[in-house]
Amino acid sequence: MLADKIIKLNFDVPSEREKLCALGRALSIPDRIRILELLKDRSMNLNEISKALDIPVSSVSNHINALAEAELVLVTYQPGPKGHIKLCSEMISHVIIGYNRENDGEQDSEYVYEMPVGMYSECHINAPCGMASSEKQMFAPDNPNYFYRADRKDAELIWFSYGDLSYIFPYGGDESKSPSELHVSMELCSEAVYYRNIWPSDITILINDTEIVTYTCPGDFGGRRGVYTPEHWPVTSTQFGLLKRFSVTQDGVFVDDVFEHKSVVFSDLGIKPNTPIKLTILIKEDAKHRGGINIFGKHFGDFPQAIVLRVK
């Protein structure tokens, strides 16, 4: 695996209940657990799984269908001597199931807003660059001028070499409550010609023009089609990214809940009720690893989300 892939599901989120049911069905038969164990180390076709576990190919096919429905296994097709061969790969390494609630049992007071990747408010980017929608490559790459077109709203994948994009999030808030945490999550990766699984890039995140953290992404990922990457997109190009979560609390800055530093805390961000929040994604021109960036929307890559802001 290039990196850990994690599913987080909550019982009290209605939109996630069908996924929970599919997960339960997928894990209800011991042979399916054995298949997941096999796929931890390498991809295998149905015949290889059948031989390793000594169960019929027809049974393996049914088990794989259930695992794929639950998004635990990725199925791709490769040419074989008699048509196409189903190649099965591990898709998820961790599953976390729980409730969204505080320790006292009451649900968190939380403001959530999802921003499409094409709805940035400012851009200062440099080629190579470009955009694609879920239906087509939207316009000729490597021309930053096109980033000001109105149809950027349809973008589901954006890439550029260095520079920045800024998004303005509306924030209502509740004047009777004092928020103490901000979280931003998005799927991203580096940007190289075609793709390079090892291609580090220093990606800097700013909130309200305050620099929060620089995250070094390990690569520009490809080699298999992203779960939501459309068929029109060349399989030789970038396919998927990593879902990263950048958080600022009164204890400091965290990336994927791992502590980074305490140079910036939530009170430094100037978050006020009924005042927009600015998110800037930056590749510095003088970055040690100036490896570009791809930002994925809901209909591209491995995760069905755009850029999500949470304040609580």
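Q: What makes two rings an aromatic pair?
A: Rings of Phe, Tyr and Trp (its six-membered ring) pair if their centres lie within 6.5 Å; planes under 30 degrees apart count as stacked, over 60 as edge-to-face and the rest as tilted. The structure above holds 9 aromatic pairs. Keep in mind that it is a predicted model, where local features need pLDDT of at least 70, side-chain atom pairs count only at pLDDT 80 or more, and totals for chains, interfaces and linings use all residues. Residues are numbered from 1 along each chain as its sequence is written, and side-chain values use heavy atoms, leaving out hydrogens and water.

Q: Why are Y120 and Y167 called an edge-to-face pair?
A: Their ring centres are 6.3 Å apart and their planes make an angle of 85°. The limits are within 6.5 Å for a pair and over 60 degrees for edge-to-face, so the name fits.

Q: How do you know that this pair links distant parts of the chain?
A: Look at where the two residues lie: Y120 is in the loop between strand 6 (111-115) and strand 7 (122-132), while Y167 is in strand 8 (residues 157-169), 47 residues apart. Strands here are DSSP runs (E, at least two residues), helices are runs of H or I with at least four, and both are numbered from the N terminus. Both Y120 and Y167 are buried, a word that stands for under 20% relative accessible area, with exposed for over 50% and partly exposed in between (1.4 Å probe, protein chains only).

Q: What else gathers around Y120?
A: Y120, F147 and Y167 form one aromatic cluster. The charged end of R152 also sits over the ring of Y120, 5.0 Å from its centre. To count, NZ of Lys or CZ of Arg must be within 6 Å of the ring centre and within 35 degrees of the ring normal. R224 lies over the face of F240 too, at 3.8 Å from the ring centre.

Q: What makes R25 and E18 a salt bridge?
A: The term asks for a side-chain nitrogen of Lys or Arg within 4 Å of a carboxyl oxygen of Asp or Glu. The closest N and O atoms of R25 and E18 are 3.3 Å apart, so this pair qualifies. By this rule the count comes to 15 salt bridges.

Q: Why is E18 called exposed, and R25 partly exposed?
A: E18 has 51% relative accessibility, so it counts as exposed. R25 has 40%, so it counts as partly exposed.

Q: Which parts of the chain does the salt bridge between R310 and E110 link?
A: R310 is in strand 17 and E110 in the loop between strand 5 (94-98) and strand 6, 200 residues apart. The closest N and O atoms of R310 and E110 are 3.6 Å apart. R310 is partly exposed, with a relative accessible area of 30%, and E110 is partly exposed as well, at 35%.

Q: How do you know that the buried residues of helix 2 are on the same side?
A: In helix 2 (residues 30-39), the buried residues are R32, I35 and L39. They cover an arc of only 55° around the axis, which puts them on the same side of helix 2. The arc is that of the directions from the helix axis to the C-beta atoms. An α-helix has 3.6 residues a turn, so residues three or four places apart point the same way.
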